Amino acid sequence: MIRMKFNLLVLGVALILGEGMPRPVSASVLNDIGSGQLLIEGQGALMLDTSAHIDANGMIAHVSLEQTFQNPSQSHVEGLYVFPLLENASVFFMEMRIGERRITADIREKGEAKRIYTAARAAGKKAALVEQQRPNMFKQSVANISPGEQVTIALKFYMPVQYDRGEFSIRLPMTITERFYPGGSPAEGQLMHTAAGPAPALTSTMLHATITADVTPGFDLKQIVAAYHDLSISKHRHSYSVSLKQTTTPMDRDFVMTWSPVRSAKPQAAVFKETLDGEDYVMFMMLPPNEVSGLVAMPREMIFIIDTSGSMQGQSIIQAKHALLAAIDSLRPEDSFNVIEFNNHATSVFMAPQPADHYSKDVAAKWVRSLSADGGTNMLTALNMAFQMPRDEALLRHVIFVTDGAVGNETQLFASIHSGLADGRLFTVGIGSAPNSFFMRKAAEFGRGTFTYIGDAGEARDEMLNLFEKIDSPMASNIQVQWPGTAEVYPERVPDLYLEEPLIVVARGHNLMGDLYVTGNSAFNAWAETLSLNTGSSSIGVGALWGRAKIGALEDSQVTGRNPDEVKSEIIQVALAHHLVSRFTSLVAVEQVVERLPGDQLAKVKINNPTPQGQRTAQYPATATNARLNMLLGIICLMLLVLYRVRWSRAAEV
């Protein structure tokens with residue numbers, strides 16, 4: 001009895017305090033600085049201000065991002081902030097500003113940069129470090145911010161402008177959907193809190209950003225719009241200045257801006273060139289034939305996969321179900337289909353693909369309407385189920401994957417797609433205000449399909465119908481590109497082209513002049529185009545985008561079994577040559593002035609990043625830990641202990 005009382009007391013106190021015991025690793029990792037948080041540990045409250053300027057010129061966008069850290073506390077502070085970027089962004093510049101003082105960062109190997117930063121931090125010097133945690137997630141560290149002081153970190157990066165269905169677009173990620181790691185283990189570079197001792201208290205805050213843009217397409221535009229923000233626009237000849245109507249915006253959704261040319265000025269081909277150190281870097285865009293009259297739609301086998309994990313709670317699952325219901329409704333009688341849903345486990349509505357008759361579509365639609373979001377994000381089980389389903393060899397298999405992509409085991413998933421899809425196609429549909437676009441774009445690339453982004457439930461039907469129109473209209477396949485001379489080209493494997501979707505390729509070579517020949521099979525007959533490289537306009541940033549594309553290709557080569565050590569060595573070589581942040585290189589800046597004496601405290605505190613718009617503030621998969629639940633269980637245990645003590649005392653009196 002005494003032992004039981006003691007155990008209850010220990011359990012109650014431990015559950016209430018919670019933090020005094022070693023914690024199990026949470027499967028839904030939103031701990032420390034792994035999933036998009038500003039982290040400063042101690043008693044101070046660090047403030048963060050963000051501004052971004054986008055300069056879109058042709059097919060390249062140059063982005064300047066400034067983040068200001070302010071320390072109102074009485075202690076020196078280190079600020080750590082994880083921020084999202086598109087996976088094809090090329091980060092090449094960092095500058096630290098303290099008042100009028102400016103310190104420009106150098107590019108170093110990741111380990112060396114970390115040692116430089118750590119030594120400067122320990123010596124009391126102001127220092128800044130930018131590291132890549134994932135291809136679309138970067139960590140920024142700022143050491144020794146003095147009491148009452150402001151430090152601004154300026155970053156610059158290039159990213160390609162997207163073109164689809166007659167519209168140009170750019171997306172600037174503003175927050176991060178938390179990632180799920182099967183088995184509770186983070187991917188390389190991910191940090192999580194597992195040690196004993198009290199965890200820092202969380203202070204909720206809503207961060208805001210100022211966004212401006214200059215768009216110079218070289219021709220008149222019909223319109224410029226932002227899907228989720230109101231814009232103010234002014235025209236200056238052939239350029240346009242853009243700003244937010246409300247000046248600032250909450251950082252709880254991505255900034256997506258599109259612009260469309262007037263119909264008479266729609267480009268068919270464009271070449272952009274940059275010469276660096278005697279080497280030509282070329283990016284070309286070519287629109288495939290857009291004639292669809294007379295095209296006969298072929299029967300399709302469609303396997304739909306819908307993510308019903310905890311990260312999809314709120315608007316995301318609503319959008320996903322809208323999208324899937326629209327897709328099922330648009331199936332033709334000659335098609336066959338099946339639907340798979342997954343969280344911790346995967347289940348399908350049918351054992352094998354069924355004809356898309358009224359009965360099967362009605363059964364599937366009712367099943368989809370009944371779905372809810374909860375649990376972990378075990379994508380691998382769902383993908384393997386789709387790949388292993390019985391199939392009609394006469395039909396080309398299309399896998400439509402509807403998800404927010406909130407996972408951390410991307411490499412394992414890419415390997416599954418590479419080995420299991422065979423001659424099928426994989427199309428990804430990104431859901432929510434901040435999807436993991438790296439996973440979705442790269443998964444579609446491995447699957448020779450496309451990535452569609454749906455940021456609002458009202459868009460779901462139109463976007464899914466547009467996707468089906470693409471699938472029905474493969475405009476060119478088996479594409480071959482012949483360069484005038486020797487060129488190193490990415491992507492190495494040119495994907496199929498779909499209706500109104502361009503071919504975009506970056507290349508490096510010596511004296512790349514002359515004609516470029518592109519051939520392939522269209523929906524009607526053999527297809528060929530000639531593009532002159534002699535008329536390419538000068539465009540800064542093509543070399544950086546080529547470097548980023550090569551790094552991506554090197555990373556992909558590990559999926560097919562290439563030696564990781566060789567890959568690492570080549571990535572470092574490319575990243576240093578192009579001054580790019582990568583998995584193995586970082587930007588580091590150090591000011592030589594000593595701000596903090598060695599014995600002074602370096603305080604730290606946590607401030608949450610905003611939750612993506614429409615997503616609930618917390619999702620707890622089956623393997624996650626909930627502090628409130630711990631507290632409730634602890635209180636219950638203490639109450640039971642008190643009741644037992646009272647009853648035991650009365651029994652003793654009797």
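In this predicted model, the search for enclosed space gives 5 cavities of 30 Å³ or more. The largest cavity holds about 100 Å³ of space. Its lining is made up of 13 residues, and those closest to the centre are Thr50, Leu65, Pro173, Met174 and Met251. Three strands, β3 (47-57), β4 (60-70) and β5 (76-84), are the elements that each supply two or more residues to this lining. The greatest share comes from β5, with 3 residues.

A step back to the whole chain helps to place these details. The chain has 654 residues, and 54% of them count as buried. Its secondary structure consists of 11 helices and 39 strands. Among contacts with a separation of 6 or more, 77% join residues that are 24 or more positions apart. The accessible surface of the chain is about 27900 Å², and carbon and sulfur atoms account for 53% of that area.

In soluble globular proteins, nonpolar side chains tend to be buried together. Here the largest nonpolar core has 81 residues, and the members with the most contacts inside it are Met94, Ile153, Phe157, Phe255, Met257 and Trp259. Helix α9 (residues 542-557) is the greatest contributor to this core, giving 7 residues. Apart from this core lies another of 33 residues, including Ile317, Ala320, Val349 and Ala460. Within the largest core, Met257 is one of the residues with the most contacts. With its neighbours within four places in sequence set aside, Met257 is in contact with Phe168, Ser169, Ile170, Ala213, Val215, Ile224, Val225, Ala226, Leu231 and Val242.

Two helices, α5 and α6, invite a look at how burial is arranged around an axis. In α5, the buried residues are Met379, Leu380, Ala382, Leu383, Ala386 and Phe387. These residues lie on the same side of α5, because they cover an arc of only 165° around the axis. The cover over them includes the strands β23 (301-307), β24 (336-342), β25 (346-348) and β27 (397-403), together with the helices α6 and α7.

Helix α6 (residues 410-420) has Glu410, Leu413, Phe414, Ser416 and Ile417 as buried residues. Viewed down the axis of α6, the buried residues fall within an arc of 160°, so they line one face of the helix. Thr411 and Ser419, on the other side of α6, are exposed. The buried residues of α6 are covered by elements that include β9 (125-134), α5 (379-388), β28 (425-431) and α7 (437-446). Helix α5 thus appears in the cover of α6, just as α6 appears in the cover of α5. After α6 comes Ala422, which has a positive phi near 55°.

Strand β28, part of the cover of α6, also contains Thr428. This residue is buried, with a relative accessible area of 0%. What surrounds Thr428? Leaving out neighbours within four places in sequence, the residues in contact with Thr428 are Phe401, Met440, Ala443, Ala444, Thr450, Phe451 and Thr452. One of these partners, Thr452, is 24 residues from Thr428 along the chain, and the C-alpha atoms of the two are separated by 6.3 Å.

Conventions:
Residues numbered from 1 in each chain as written. Predicted model: local features only at pLDDT ≥ 70, side-chain atom pairs only at ≥ 80, totals over all residues. Heavy atoms only, no water. Core = buried A, V, L, I, M, F, W, Y, C linked by side-chain atoms within 4.5 Å. Buried < 20%, exposed > 50% of the residue type's maximum accessible area, 1.4 Å probe, protein only. Helix = DSSP H or I, 4+ residues; strand = E, 2+ residues; numbered from the N terminus. Contact = heavy atoms within 4.5 Å. Arc of directions from axis to C-beta. Areas by Shrake-Rupley, 256 points an atom, 1.4 Å probe, with all protein chains shown as cover. 1 Å grid on protein atoms, 1.4 Å probe; cavity = no way out; pocket = protein on both sides within 12 Å on 5 of 7 lines; lining within 4 Å. Points joined across faces, edges and corners; volume = space filled by probe spheres on them.
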